[in-house]
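Visitor: Hello! I would love a close look at a single part of this model, with the cut-offs spelled out as we go.

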Amino acid sequence: MATWKLLMLQDSSSPLMEQLSFFHDHTLLILVIITILVSQMMAGLFVNKLTHRFLLEGQTIELIWTMLPAITLIFIALPSLRLIYILDETNNPSITIKTIGHQWYWSYEYSDLKNIEFDSYMTPFNEMNNFNFRLLDVDNRMIIPFMSQIRMLVSAADVIHSWTIPSLGVKIDATPGRLNQTSFISTRSSLLYGQCSEICGANHSFMPIVAESISPSYFIKWISKMIQS
């Protein structure tokens with residue numbers, strides 16, 4: 001979860017977010033190098049008094065400043081393409097969870113497990129406890145087991161929403177009449193906070209997402225309790 005004075009990305013809770021963080025650092029390093037080189041050359045223009053009266057063309061330097069940006073873009077594009085394919089990969093999921101966006105709450109369906117269904121509303125201000133976060137906590141969390149491949153099927157019942165949890169590296173649109181798919185693995189026991197990232201109406205800011213990652217043994221107990229109730 002983002003906290004005050006957080007300047008960088010949130011701590012990753014999945015291998016996907018780790019790869020996104022690595023790509024962010026890789027691209028940022030290239031941008032810093034470009035910024036330093038361009039700044040040095042622009043500063044040199046102010047202090048350099050030399051002129052060349054007979055300079056008419058410079059094919060060598062033109063070749064260099066054409067090839068260098070192309071090579072730089074290749075160094076950015078190749079890891080980016082690799083990451084796109086990794087994000088789109090769904091390999092033998094353990095659980096499938098269907099998420100439906102409404103105005104303005106989320107509903108979850110565990111279709112593999114006796115069709116467990118529940119709605120997830122934002123916790124009202126007058127029902128909050130000392131450990132709740134304003135505008136971020138919900139009454140029913142999405143429960144997932146860690147170290148398990150989770151497949152999410154995301155859709156919407158009314159307008160376009162976007163199911164987003166930054167620490168998992170997941171952001172997927174919920175579109176009416178369309179079923180989008182993504183997958184992720186939570187690497188540790190944690191509470192994962194997110195929000196709708198698509199402006200979906202007047203109460204867009206009031207449909208948070210909370211995923212609780214627990215051990216598989218506790219997840220089985222939770223499933224048994226939900227089936228009995």
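In which loop is Glu127 found?

Guide: Happy to help! This is a predicted model, where local features need pLDDT of at least 70, side-chain atom pairs count only at pLDDT 80 or more, and totals for chains, interfaces and linings use all residues. Residues are numbered from 1 along each chain as its sequence is written, and side-chain values use heavy atoms, with hydrogens and water left out.

Glu127 sits in the loop between strand 3 (116–120) and strand 4 (142–145); strands here are DSSP runs of E with at least two residues, numbered from the N terminus. Glu127 counts as exposed because its relative accessibility is 53%, and exposed means over 50% relative accessible area (1.4 Å probe, protein chains only).

On the surface, Glu127 joins Glu117, Asp119 and Asp139 in a patch of negative charge. Such a patch takes residues with over 30% relative accessible area and no salt bridge, and links like charges within 9 Å. A salt bridge would be a side-chain nitrogen of Lys or Arg within 4 Å of a carboxyl oxygen of Asp or Glu. Asp and Glu count as negative, with the charge placed at CG of Asp or CD of Glu. The areas come from the Shrake-Rupley method.

Two other loops are worth a look for their backbone. Lys114, in the loop between strand 2 and strand 3, has a positive phi of about 55° although it is not a glycine. Lys114 is exposed too, at 67% relative accessible area. Met147 lies in the loop between strand 4 and strand 5 (149–156), and its phi is also positive, near 60°.

How values were computed. Patches are made of residues with over 30% relative accessible area and no salt bridge: like charges are joined within 9 Å, nonpolar side chains (Val, Leu, Ile, Met, Phe, Trp, Tyr) within 5 Å. Accessible areas come from the Shrake-Rupley method with a 1.4 Å probe; for residues, only the protein chains shown count as cover. Helices (H or I, at least four residues) and strands (E, at least two) are DSSP runs, numbered from the N terminus. Buried means under 20% relative accessible area, exposed over 50%, partly exposed in between (1.4 Å probe, protein chains only).
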